Amino acid sequence: MSGTADVFDANPYESHPSLTALEANVLWEYAKLSQHVKDLTVTTRQLSEGPDENLIARLRVLERKMGLVLTLFKASVWGVINEQPVQEIEGGYAYAMADTTQR
């Protein structure tokens, strides 16, 4: 990591005899840009290799909440179904007589 700090702290091309000051500064900017790209590559590789623990924890909480919502929804539907009055019609079942499907 000391090589990284050297690139950002001092221009390694400054004292090169065959470069002008402008050329040395341009090469220094390229060296810094190259180091930033290398750092970015290392960071993205680390992120892609392992799962994001924070995201996984948040998704687990969401999964539990959705499970609770589904359970409450099922219970509500069951409650609504049970509140319906049972209709008894002679000669058949109530749900068979309430069927309005055209045949």
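The following paragraphs describe the fold, the surface and the side-chain contacts of a predicted model.

The protein chain contains four helices and zero strands, and its elements follow the pattern α-α-α-α when read along the sequence. Of the 103 residues in the protein chain, 8% are buried. The area exposed by the protein chain is about 9,400 Å², with 61% of this area supplied by carbon and sulfur atoms.

Helix α2 spans residues 21-49 and comprises 29 residues. From its first C-alpha to its last, α2 reaches 42 Å, which is close to the 42 Å expected at 1.5 Å a residue. The buried residues of α2 are Ala24, Trp28, Ala31, Lys32 and Gln35. Two members of this group, Trp28 and Lys32, also take part in a contact with each other: Lys32 lies over the face of Trp28, at 4.1 Å from the ring centre. By contrast, a search of the whole structure for aromatic pairs returns zero.

Lys32 is also a partner in a salt bridge. The structure holds one such interaction, formed between the side chains of Glu29 and Lys32 with an N to O distance of 3.0 Å. Side chains of opposite charge can pair when their charged atoms come close. Both residues belong to helix α2, where they are three residues apart, about one turn of the helix. The two partners fall into separate accessibility classes. Glu29 is partly exposed, because its relative accessible area of 45% lies between the limits of 20% and 50%. Lys32 counts as buried, because its relative accessibility is 17% and the buried class covers values under 20%. Lys32 therefore combines a buried classification with a position over the ring of Trp28 and a salt bridge to Glu29.

A nonpolar patch is present on the surface, formed by Tyr13, Leu22, Val26, Leu27, Tyr30, Leu33 and Val37. Together, these residues have about 660 Å² of accessible area. One of the patch residues, Leu27, lies in helix α2. With a relative accessible area of 33%, Leu27 is partly exposed; this value is over the 30% required of patch residues, so Leu27 meets the accessibility condition for the patch.

Helix α2 thus carries buried residues, including Trp28 and Lys32, the salt bridge partners Glu29 and Lys32, and the patch residue Leu27.

Conventions:
Residues numbered from 1 in each chain as written. Predicted model: local features only at pLDDT ≥ 70, side-chain atom pairs only at ≥ 80, totals over all residues. Heavy atoms only, no water. Helix = DSSP H or I, 4+ residues; strand = E, 2+ residues; numbered from the N terminus. Buried < 20%, exposed > 50% of the residue type's maximum accessible area, 1.4 Å probe, protein only. Areas by Shrake-Rupley, 256 points an atom, 1.4 Å probe, with all protein chains shown as cover. Patch = residues over 30% accessible without salt bridge, like charges linked within 9 Å, V, L, I, M, F, W, Y side chains within 5 Å. Salt bridge = Lys/Arg side-chain N within 4 Å of Asp/Glu carboxyl O. Phe/Tyr/Trp six-rings, centres within 6.5 Å; stacked < 30°, edge-to-face > 60°. Lys NZ or Arg CZ within 6 Å of the ring centre and 35° of its normal. Expected span 1.5 Å × (residues − 1).
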